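Let's take a walk through this model together, from its strands to its cores and charged pairs. Have the sequence and the 3D view open as you read.

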Amino acid sequence: MGNPFVHVELHADDVRAAKKFYKSVFDWKLEDMPGMDYTMIGVGKGAGGGMMKKPMPDEPAAWLPYVEVADVKKTIEKAREAGANVVLPYQSIGDMGAIGVFMDPAGAAIGVWELAKKAAAPKKAAAKKAAKKTAKKAAKKKGSRR
């Protein structure tokens, strides 16, 4: 089954007060991101999240869920064609991937998150390297038996 929820983000007027409140209610690990006005929320299991100051002053304080997608631009276009109002068509978030945000026809906001693809590449490279090393050892062992 595809498209799980992968991140939930709080947009608040007073992030400091929000952190204090949620830290007192839940067993969350809150970690401020260096060089950013963003706090990551570690929850242990399930989708984690973050907290930030509201990007638009008129926006109400609210939680914004993000759904994993293969391609933000394609998903945003599908949403637009289905009647969504696009709020953020595409934004790179560095080595973490890219995001987009839209309002569904009923007015509810939802984000989409394209996870960085290079996260899988190092695993493949490491597996290939390990296989090569194993093959080298086997060849060396075979050569020493002669």
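How many bridges join β1 to β4, and do these strands run parallel or antiparallel? The model, which is a predicted one, shows 6 bridges between β1 and β4, and the two strands run parallel. You can pick out one pairing by eye: His7 has Gly48 in β4 as its bridge partner.

**Strand pairing and the hairpin**

Strand β4 also pairs with β3, a strand that spans residues 39-42. Here 3 bridges hold the pairing, and the strands run antiparallel. Within this pairing, Ile41 stands opposite Gly49 in β4. The hairpin that β3 and β4 make has 5 residues between the strands, and in this hairpin Gly44 takes a positive phi near 90 degrees.

Positive phi also turns up elsewhere in the chain. Most residues other than glycine have a negative phi. Asn3 is not a glycine, yet its phi is positive, at about 60 degrees. Asn3 belongs to the segment before β1, and with a relative accessible area of 49% this residue is partly exposed.

**Val67 and its neighbours**

Asn3 comes up again when we turn to Val67, a residue of strand β5, which covers residues 62-68. Is Val67 buried or exposed? Its relative accessibility is 11%, so Val67 counts as buried. Leaving aside residues up to four places away in sequence, Val67 touches Asn3, Pro4, Phe5 and Val6, and also Ile110, Gly111, Val112 and Trp113. Among these, Val6 is 61 residues away along the chain, but the C-alpha atoms of Val67 and Val6 are separated by 5.7 Å.

**The nonpolar cores**

Which residues make up the largest nonpolar core? This core has 9 residues: Val69, Val72, Ile76, Ala79, Ala84, Val86, Ala98, Phe102 and Val112. Two elements, α2 and β7 (97-103), give two or more residues to it. Helix α2 gives the most, with 3 residues.

Ala98 is a good place to look at this core in more detail. Not counting residues up to four places away in sequence, Ala98 touches Val72 and Val112, together with Tyr90, Gln91, Ser92, Ile93, Trp113 and Glu114. Both Val72 and Val112 are members of the largest core, as is Ala98. Val112 is also one of the residues that touch Val67.

There is a second, separate core of 8 residues, and its members include Leu10, Ala18, Trp28 and Ile41. Ile41 is the residue we met opposite Gly49 in β4.

**Salt bridges**

Side chains of opposite charge can pair when their charged atoms come close. The count for this model comes to 4 salt bridges, including the three in the table below.

| Salt bridge | N to O distance | Relative accessibility |
|---|---|---|
| Asp13 and Lys54 | 2.7 Å | Asp13 48%, Lys54 13% |
| Arg80 and Glu77 | 3.2 Å | Arg80 42%, Glu77 34% |
| Lys117 and Glu114 | 3.2 Å | Lys117 57%, Glu114 17% |

Why does the salt bridge of Asp13 and Lys54 tie together parts that are 41 residues apart in sequence? Asp13 lies in the loop between β1 (5-12) and α1 (15-25), while Lys54 lies in the loop between β4 (48-53) and β5, so the pair links those parts of the chain. Asp13 is partly exposed, whereas Lys54 counts as buried.

The pair of Arg80 and Glu77 has another setting. Both residues lie in helix α2 (residues 72-81), 3 residues apart, which is about one turn of the helix. Arg80 counts as partly exposed, and Glu77 is partly exposed too.

In the remaining pair of the table, Lys117 counts as exposed, but Glu114 counts as buried. Glu114 is also among the residues that touch Ala98.

**A nonpolar patch on the surface**

Where on the surface do nonpolar side chains gather? Phe21, Val25 and Phe26 form a nonpolar patch there, and together they have about 280 Å² of accessible area. Phe26 lies in the loop between α1 and β2 (29-32). With 39% relative accessibility, Phe26 counts as partly exposed.

Note on methods:
Residues numbered from 1 in each chain as written. Predicted model: local features only at pLDDT ≥ 70, side-chain atom pairs only at ≥ 80, totals over all residues. Heavy atoms only, no water. Helix = DSSP H or I, 4+ residues; strand = E, 2+ residues; numbered from the N terminus. Buried < 20%, exposed > 50% of the residue type's maximum accessible area, 1.4 Å probe, protein only. Contact = heavy atoms within 4.5 Å. Patch = residues over 30% accessible without salt bridge, like charges linked within 9 Å, V, L, I, M, F, W, Y side chains within 5 Å. Areas by Shrake-Rupley, 256 points an atom, 1.4 Å probe, with all protein chains shown as cover. Core = buried A, V, L, I, M, F, W, Y, C linked by side-chain atoms within 4.5 Å. Pairing = 2+ DSSP bridges.
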